[in-house]
Amino acid sequence: MKTNFITAVVTSIAAGSVATASLAQMTEIGEGEGALSIVAWAGYVERGETDPNFDWVTGFEEATGCMVSVKTANTSDEMVALMNEGGFDLVTASGDASLRMIAGNRVQPINIDLVPSWSTVDDRLKEAPWHTVDGTHYGVPYMWGPNVLMYNTEVFAEAPTSWNVVFEETTLGDGESNSGRVQAYDGPIHIADAAMYLMYHQPDLGITDPYELTQDQYNAALDLLRVQRGLVSRYWHDAFIQIDDFKNEGMAASGSWPFQVNLLQADGVPVASVIPQEGATGWADTTMLHVDSEHPNCAYMWFEHQLASNLQSDLSVWFGAVPSVPAACSDGRGMQTQEGCDANGLDQFEKIKFWKTPVTNCESQDECVPYYRWVSDYIGVIGGR
């Protein structure tokens, strides 16, 4: 994502509105307001309820007096909708949501001078275009990683090498068809996974960016998803429901997050994950502050708290992702190790196709299919159209 992509997304923001918002940045952190509400991905804000070894909320509440409440969102579209409704302070937004919220004036600029640990953030993330517009930061990096292919190791004696096991009908390692035994993500951004698969297998289509598709390229991706529709047992968006399906419903393979893989393995379920030959899409998540936050002082306290290397380290282990603070991999303050960060994809940053919002005025093509079309057409695909 480069400057012209950002410009295309934020054209709905008047130039003056960005400048005004920048002037409205907080200049100092005052006394905490006693509460903090966060919209977050499942597993991102833990207080030890799922596993007592993973708790980075209780200590924050004790230190600041800011009592944390969490609303779990299952898709980026749900996050955008919740932030549009209001009543929340923070959101852990992926790249296919963050610029939409900036363009819609739902989040406010961040004064990084009030976040002392900003200097410890991975340099690859500090100016990332999914939270930085014209030099103004609209969030604090939290965590990033790939969307992996999760598979049942009793079905596959060896790791699958291609996403074809979830996109096209095929015989799996146990000699049975994959029909009815695979899942797909219940979000329009999954169209990009189909486009990425076609980039590898049908290079004549000319796809160079799975989020920037001409009408013909887009139609090809939809056609592939219609094939997948005949195979899919469930379109998942709730991580815990997918976990239950892999425990109890005989699922063989699905696109997933490392979070589900880790929890299933911890329960002794025979699953593993891989990034196949076609590559992977992924997410780089940013904590963003609602423009009408009622608890901005507590929010800024959380910004600093989330960058603590022990939190980043433990979250990296818990979610199977890469911390936004590289020191969390090796300083020994948390559970993560350098080997663990390497296994989670620390050196794969340039190879991951990070989620971003498709726009008409794209970089790689003269004109691309915008996101509102992705939304309506993916609903149609799921509905069998």
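## What lines the largest cavity

The lining of the largest cavity breaks down into nine nonpolar residues, six polar and one charged. In this scheme Ala, Val, Leu, Ile, Met, Phe, Trp, Tyr, Cys and Pro are nonpolar, Asp, Glu, Lys and Arg are charged, and the others, Gly among them, are polar. This is a predicted model, where local features need pLDDT of at least 70 and side-chain atom pairs count only at pLDDT 80 or more, while totals for chains, interfaces and linings use all residues. Residues are numbered from 1 along each chain as its sequence is written, and side-chain values use heavy atoms, with hydrogens and water left out.

The cavity itself holds about 150 Å³, and 16 residues line it, with N147, Y185, H190, D193 and G255 nearest its centre. Two or more lining residues come from each of α7 (164-167), β8 (182-185), α8 (191-201) and β10 (253-256); β8 chips in the most, with three. Helices (H or I, at least four residues) and strands (E, at least two) are DSSP runs, numbered from the N terminus.

A cavity here is a set of points, on a 1 Å grid over the protein atoms alone, where a 1.4 Å probe fits but cannot get out; a pocket is an open set with protein on both sides within 12 Å along at least five of seven lines, and lining residues have an atom within 4 Å of a point. Points are joined across faces, edges and corners, and a volume is the space filled by probe spheres set on them.

## The second largest cavity

The structure has three cavities of 30 Å³ or more. The second largest comes in at about 50 Å³, and its walls are W41, Y44, S94, W257, W283, D285, F319 and W355. By class, that makes six nonpolar, one polar and one charged.

## The second largest pocket

Over to a pocket: the second largest has about 250 Å³ of space. Its lining counts 15 residues, and P258, S273, G320, A343 and N344 sit nearest the centre. No charged residues turn up in this lining, just seven nonpolar and eight polar.

At least two lining residues each come from α11 (258-266), β11 (271-274) and α14 (338-344), and α11 has the largest share, with four.

## How far to trust the model

The pLDDT (the predictor's confidence in each residue, from 0 to 100) averages 91 over the chain, and 94% of residues score at least 70. Residues 1-23 fall below 50, and this stretch has 31 contacts in the model beyond near neighbours in sequence, a contact being heavy atoms within 4.5 Å.
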